[in-house]
Amino acid sequence: MRIGFIGLGNMGGPMARNLLKAGHTLTVFDLSKKAVEELFELGAMKADSPAKVAQSEVEVIITMLPASAHVKRVYLGEEGVLANVSRGVLLIDSSTIDPLSAREVAAAATARGNPMLDAPVSGGTLGAANGTLTFMVGGALDDFERARPVLAGMGKNIVHCGGAGNGQVAKVANNMLLGISMVAVAEAMALGVALGMDGKTLAGIINTSSGRCWSSEVNNPYPGVLENAPASRGYSGGFGSDLMLKDLGLASEAARQVRQPVILGAMAEQLYQRFSAQGNGGLDFSAIIRTYLKETQA
């Protein structure tokens, strides 16, 4: 299939490479000339703007961009995708943005005769590299089925979440819960160790009891509990605290727009806001436990 791909960052670059491996023909664009050249060397064709991607003979365009403002600019701008793409080309945005912005862009695309899906991902850079991402997809079911073979080249779990914007709804709700649960596990682990318990023993009990969750079992924040977790390598790698802060902000903004209380989500956002302001934004989000640890515990 002939695919246009816009946004070749830490997630988009590996995703595009997997599409090439799957046998698709790619035309790519990114503000980073280096990122474009790397894909060109692997067989992709280059474009020097989103408009040029849209004007090429593609059947599908995929975007992976940092935030809502970038998505709106790329799709709705005078030199953007919608002003230049042929009718009928399927548009897939895999950026993580707020649901209402996703629905706004999808409505504009539909009005111009282009079906559009919002398809944010879970699985991080490792999942992007390995082609094992989870796609949470919002949009018409027929368009979802049309997109499935393309998404299968980049992910293993592809879920239709309902109408336009619902992929983003699933992403922000899940990541808000993830942020809250990590804060809760951090508090519990710090308390238990402060009261004299061994961290590994405490984690083992939690993970065979009612407190068990992904944040305790797979990415436990206490240093030394899990050998392969970021906590055991100085909180390097993983899902950055600034990225968690971004997703918590999206959840709070979406909640404000529909007047839905997210009390714990807002508290988690404030904790990560302070943590980021202290210079910790590049650390894995499990490093939030440092807010609770005494020096003698670490």
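Which residues of the largest nonpolar core touch the most other members? They are Met189, Tyr222, Tyr272, Ile288 and Ile289, in a core of 33 residues. The model is predicted. The points below cover its cores, one helix, its enclosed and open spaces, and its salt bridges.

**Nonpolar cores**

- Helix H8 (166-194), helix H9 (199-206), helix H11 (241-257) and helix H12 (263-280) are the elements that each give two or more residues to the largest core.
- Among the contributors, H8 gives the most, with 11 residues.
- Met189, one of the residues with the most contacts inside this core, touches Gly199, Leu202, Ala203, Ile206, Asn220, Tyr222, Val225 and Ile289 when residues up to four places away in sequence are not counted.
- A second core, separate from the largest one, has 32 residues, including Ile3, Phe5, Leu19 and Ala128.

**Helix H1**

- Is helix H1 (residues 12-21) mostly covered or mostly open? It is mostly covered, as eight of its 10 residues are buried.
- The buried residues of H1 are Gly12, Gly13, Pro14, Met15, Ala16, Asn18, Leu19 and Leu20.
- Leu19, listed among the buried residues of H1, is also one of the members of the second core.
- Gly23 follows H1 and has a positive phi, near 100°.

**The cavity**

- How many cavities of 30 Å³ or more does the model have? The count comes to one.
- The largest cavity has a volume of about 50 Å³.
- Its lining is made up of Val71, Asp93, Ile97, Ala102, Val105, Ala106, Met116, Leu117 and Asp118.
- Helix H5 (99-111) and strand S6 (116-118) each supply at least two residues of this lining.
- By type, the lining of the largest cavity has seven nonpolar residues, no polar ones and two charged ones.

**The second largest pocket**

- The second largest pocket has a volume of about 240 Å³.
- Its lining has 14 residues, and those that lie nearest its centre are Val172, Ala251, Ala254, Ala255 and Val258.
- H5, H8 and H11 each supply at least two residues of the lining of this pocket.
- The lining of the second largest pocket divides into 11 nonpolar residues, two polar and one charged.
- H5 therefore has a part in two linings: that of the largest cavity and that of the second largest pocket.

**Ser101 in helix H5**

- Ser101 is found in helix H5.
- Is Ser101 buried or exposed? Ser101 is buried, because its relative accessible area is 6% and the cut-off for buried is under 20%.
- Leaving aside residues up to four places away in sequence, Ser101 touches Ser68 and Lys72.

**Salt bridges**

- The structure holds six salt bridges, and three of them are described here.
- Side chains of opposite charge can pair when their charged atoms come close.
- Glu59 pairs with Arg2, and the closest N and O atoms of this salt bridge are 3.8 Å apart.
- Glu59 lies in the loop between helix H3 (50-55) and strand S4 (60-63), while Arg2 lies in strand S1 (residues 2-6), so this pair ties together parts that are 57 residues apart in sequence.
- Glu59 counts as partly exposed at 28% relative accessibility, and Arg2 is partly exposed with a relative accessible area of 40%.
- Glu37 forms a salt bridge with Lys46, where the closest N and O atoms are 2.9 Å apart.
- Glu37 is partly exposed, with a relative accessible area of 32%, and Lys46 counts as partly exposed at 42% relative accessibility.
- Arg148 forms a salt bridge with Glu145, with the closest N and O atoms 3.2 Å apart.
- Why are Arg148 and Glu145 separated by about one helical turn? The reason is that they are three residues apart in helix H7 (residues 141-151).
- An α-helix has 3.6 residues a turn, so residues three or four places apart point the same way.
- Arg148 counts as partly exposed at 33% relative accessibility, and Glu145 counts as partly exposed at 40%.

Definitions and conventions:
Residues numbered from 1 in each chain as written. Predicted model: local features only at pLDDT ≥ 70, side-chain atom pairs only at ≥ 80, totals over all residues. Heavy atoms only, no water. Core = buried A, V, L, I, M, F, W, Y, C linked by side-chain atoms within 4.5 Å. Buried < 20%, exposed > 50% of the residue type's maximum accessible area, 1.4 Å probe, protein only. Helix = DSSP H or I, 4+ residues; strand = E, 2+ residues; numbered from the N terminus. Contact = heavy atoms within 4.5 Å. 1 Å grid on protein atoms, 1.4 Å probe; cavity = no way out; pocket = protein on both sides within 12 Å on 5 of 7 lines; lining within 4 Å. Points joined across faces, edges and corners; volume = space filled by probe spheres on them. Nonpolar A, V, L, I, M, F, W, Y, C, P; charged D, E, K, R; others polar. Salt bridge = Lys/Arg side-chain N within 4 Å of Asp/Glu carboxyl O.
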